[in-house]
Amino acid sequence: MSYLVLARKWRPQTFENVIGQKPVVRTLQNAIERNRVPHAMLFSGVRGVGKTTLARIMAKSLNCDTGIVKIPCNKCASCTSITDGSSADLHEIDGASNRGIQEIRELKENIRFYPSRDRFKIIIIDEVHMLTTEAFNALLKTLEEPPEHVIFMFATTELHKIPVTILSRCQRYELKRVPANELAVFFRMIAAKENVKISDNAIDMIIREAGGSVRDGLSLLDQVFSFSVSDEATGVLHVTDEDVVQVLGLVGSETLEALARAVLTGDLQRCLTLLDETYSFGIDLKRFVNDLLLYFRALLICKTTQQPHRIIDSSDQEIQSMTALSKDYSPETLYHMFNLFQKSVEQIQYSSQPRITLEIALIKSVQAGNIVPVGNILENLDKILKGEGLQKYGNSIKHPLMSEDVNYKAKTDNEEDIARVKVSEKEREPFSKAIDHSGDANSKMTKEEISGPPEVEIIKTKPKDLRKNWDEFIHYIMDRKKWMAHTLQLCSGATEQDNELLLKFDDQSDFKMLQSSENIKYLTEFAQDFFQKELKVKFKLRGENTPGNEGQEDGLPQEERRALVKDPLVRMVTDVLDGHITNVRTGPRSR
């Protein structure tokens, strides 16, 4: 007798033996017990999770000689014929090779006749999404109202390719990937039954490669068992971690953990050594960098979630190890590393020298070091720029970005207050990083000032006048939000009273976009930053009375320009000369 592979030998023959699909199993058993079996069922899911297996077990339960039962006997003629594939009343069709309308017509002719022996004729169509549109259309009416002795069961890995007209006529059962913990228990049981001794780490590598597919995992396990060494005295097969690495070209979790730890601690020599050892085993570097990417994803999930086992499909031991490693690093650091290796995955796919590409990625990741959240740096830098957080202690000061006291001297004149701070080379580094990440064009501290001589100027500007600096304010916003600056140019006037910036418009549609809460927030921040005042922005439509503003004129340049444009003399000149007004200038410069 020829050898029977593990995937066929250990295929479940009853519902109790199906692993990882408890909701579907419970639904099917209850349907049988309560006589609510549908005439058309559709099983969907990734490869090797039990779609056709459940369909066959369902066929046994419906045609078992002991009756319609949720636990088939697997001993009667009907059950055994279904198991060995010789049942005359079970038609299992491959949708990929029997996908045309002619095959469906023949099937429709066949199902008109009653079963030759069993209770029902069972039609199983695997990969049903491969049927042509014409074949699906031919099946519609029969599928909606089949003969009482016929039950359809479909299986597919691509549910989205099936027409909705077919989906609406079936009860759908969506099978999920089998969790790693359940696969581990199942594979250990098989190893014990097959008289094989295998390490937990080797099983974890096989499970990770299987990707939640039972059949894929059993095929890999079968291959490893064939490579293993047999103990002549006991006959027991021994499978080591090295066997799995050599046979399947996989990388153990210990190697991934060691490499990730070396990257995070900045140990470049250790990184390159581990890469060389992995490369010498003949590992596919494209797969290796993808495994490393997934490992950093797992670290980030362990860092940011309370229950990582619900997201990461790994063993409890691996999750505990990754959680312990992620505790010492910020989410920003882990995300940065993940982002670096994600780019490496894309680069290696098209690289003629994948090892060099991966080495460069490791060098970049080691040089990146620990990442401080940009928000924290900018917050501290903002405090320094505003003069906050500086505590004077005699001739020295302390601030959030400096660990030790530094010399302090200040001078004051009519225009500005300047604080000069002596900064050491080491203490100057956070400033440079903050400037790199902020990109704030309005900052009074430039990157050159910080990275040059060890002296920093912190400038506190005086509040600005609304009337004199309105045009500058428009240009200030233009650099940040152009559409908002163009909208403010439609403003017919603006006044400042009781810490309120009142903007007047002639038409409500001109400032409708500004009225959203988000845009008001932006405009308020711009006004406060530019005028150095605690202002609240409000809008007014021309003609409406606002308390406290009755009879007041805005007096802005825009108001003067509007008046000049409407002046009768100006209009007469434009009519006589057949011209038009392109610009209006007021103020000392125009004079």
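Which residues make the nonpolar surface patch of about 410 Å²? In this predicted model, the patch is formed by Leu-569, Met-572, Val-573 and Leu-577. Of these residues, Met-572 belongs to helix H25, which covers residues 568–577. The relative accessible area of Met-572 is 48%, and the residue is therefore classed as partly exposed, given that the exposed class requires a value over 50%.

Helix H16 comprises the 19 residues 331–349. At 1.5 Å a residue, a span of 27 Å is expected for H16, and the C-alpha atoms at its ends are indeed 27 Å apart, so the two values agree. The buried residues of this helix are Thr-333, Leu-334, Met-337, Phe-338, Leu-340, Phe-341, Ser-344, Val-345 and Ile-348. When H16 is viewed down its axis, these buried residues fall within an arc of 160° and therefore line one face of the helix. Their packing partners are four helical segments: H12 (253–265), H14 (285–304), H15 (316–326) and H17 (354–368).

Helix H15, one of the elements against which the buried residues of H16 pack, contains Glu-318. The relative accessibility of Glu-318 is 13%, and this residue therefore counts as buried, the cut-off being under 20%. When neighbours within four places in sequence are left aside, Glu-318 is in contact with Asp-204, Arg-208 and Ser-253.

Conventions:
Residues numbered from 1 in each chain as written. Predicted model: local features only at pLDDT ≥ 70, side-chain atom pairs only at ≥ 80, totals over all residues. Heavy atoms only, no water. Helix = DSSP H or I, 4+ residues; strand = E, 2+ residues; numbered from the N terminus. Expected span 1.5 Å × (residues − 1). Buried < 20%, exposed > 50% of the residue type's maximum accessible area, 1.4 Å probe, protein only. Arc of directions from axis to C-beta. Contact = heavy atoms within 4.5 Å. Patch = residues over 30% accessible without salt bridge, like charges linked within 9 Å, V, L, I, M, F, W, Y side chains within 5 Å. Areas by Shrake-Rupley, 256 points an atom, 1.4 Å probe, with all protein chains shown as cover. Salt bridge = Lys/Arg side-chain N within 4 Å of Asp/Glu carboxyl O.
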